[in-house]
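Dear colleague,

I am handing over the structure we spoke about, and you will find it just below. My notes on what turned up in it follow.

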Amino acid sequence: MEIDYSRYNTDKGLHFLKNYERWFAELRDKEVHILELGILDGGSLELWRDFFPKGKVVGIDLKKFEVGNEERIFTFAGSQDDPELYRRIQRELNIPRFDIIIDDASHVGNISLNSFNILYNGYLRNGGLYVVEDWGTGYWSHWPDGHKYNAPSVEGNRIRSNDHGMVGFIKALVDYVAFPDIVRFDSEAAGSLVKVRALEIQPGQVCLTKPSA
């Protein structure tokens, strides 16, 4: 089924949407549960409702947003890194795990990292997808935790480059992909890492695939 993206009031560019088509292709006809952090005017929730005709869509934002008389869209007000909010969603909707989680909320590194730490292991099913949007804000000097780009340079044994805000968060995710190599000689590190089967980095988007088991 072709989707006419122009029908939806969303700020997701065509590049983002085409990536989502590819990442989500195998899930389109399944009874998926999708969680989006940051919903703006609700257009993306309506998009996911139509993209996944058998799916349930949950959106959260700092302010309450009403989508109208919808049977498959649910919205909640709260902070993206509030553990109690997710426990409430789980209780009220009886959704034990989500198939897809999209972080399109604060675009602030420490907040997105907190959300990831809560959601990836606790609320994303095995084999599920976790997407982070707009990570390039870490290169914006006017952003709350951004910083202008510094070209990589070698100092001693360390290659230094920009690691502020969202950029630092995304670079930290690379460590999780390296889980087998890290724990091979440092078993104590396992407690501070999560397992990631695959990580795809695109301009403005990152998609993590959780291992199936």
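Please keep in mind throughout that this is a predicted model. I begin with a pair of helices, in which α3 passes α4 in a right-handed crossing. Helix α3 covers residues 83-93 and helix α4 covers residues 109-123, and the two pack at an angle of about 30 degrees with their axes 10 Å apart. Since angles under 35 degrees count as roughly parallel, α3 and α4 are therefore roughly parallel to each other.

As for the side of each helix that takes part, α3 contributes P83, Y86, R87 and Q90, which meet I118, L119 and Y123 of α4. By character, the residues of this contact of α3 with α4 divide into five nonpolar, one polar and one charged.

Two of the contact residues deserve a closer look, namely Y86 and Y123, and for them a word on aromatic pairs is useful. A pair of aromatic rings is described by the distance of the centres and the angle of the planes. A search of the whole structure finds 18 aromatic pairs, and I describe two of them here.

In one, Y20 and W23 are arranged edge-to-face, with 5.9 Å from centre to centre and 80 degrees between the planes. Both residues lie in helix α1 (residues 14-24), where they are three residues apart, or about one turn of the helix, and both Y20 and W23 are buried.

In the other, Y86 and Y123 form a tilted pair, with 5.9 Å centre to centre and 50 degrees between the planes. Because Y86 lies in helix α3 and Y123 in helix α4, this pair ties together parts that are 37 residues apart in sequence. Y86 has a relative accessible area of 2% and is therefore buried, and Y123, with a relative accessible area of 9%, is buried as well.

Returning to Y20 and W23, these residues belong to one aromatic cluster, which they form together with F24, W48, F51 and F52.

Y20 also leads to the last residue on my list, as Y20 is among the residues that E133 touches. E133 is found in strand β5, which covers residues 124-133, and with a relative accessible area of 2% this charged residue is buried. Leaving aside residues up to four places away in sequence, E133 touches K12, F16, Y20, I102, D103, D104, H107, M166, G204 and Q205.

With best wishes

How values were computed:
Residues are numbered from 1 along each chain as its sequence is written. This is a predicted model: local features need pLDDT of at least 70, side-chain atom pairs count only at pLDDT 80 or more; totals for chains, interfaces and linings use all residues. Side-chain values use heavy atoms; hydrogens and water are left out. Axes are lines fitted to C-alpha atoms, for helices over the stretch in contact, and angles run from 0 to 180 degrees between N-to-C directions. Helices (H or I, at least four residues) and strands (E, at least two) are DSSP runs, numbered from the N terminus. Angles under 35 degrees count as roughly parallel, over 145 as roughly antiparallel, 65 to 115 as roughly perpendicular and the rest as oblique. A crossing is left-handed if the near helix is turned anticlockwise from the far one by less than a right angle, and right-handed if clockwise. Contact means heavy atoms within 4.5 Å. Rings of Phe, Tyr and Trp (its six-membered ring) pair if their centres lie within 6.5 Å; planes under 30 degrees apart count as stacked, over 60 as edge-to-face and the rest as tilted. Buried means under 20% relative accessible area, exposed over 50%, partly exposed in between (1.4 Å probe, protein chains only).
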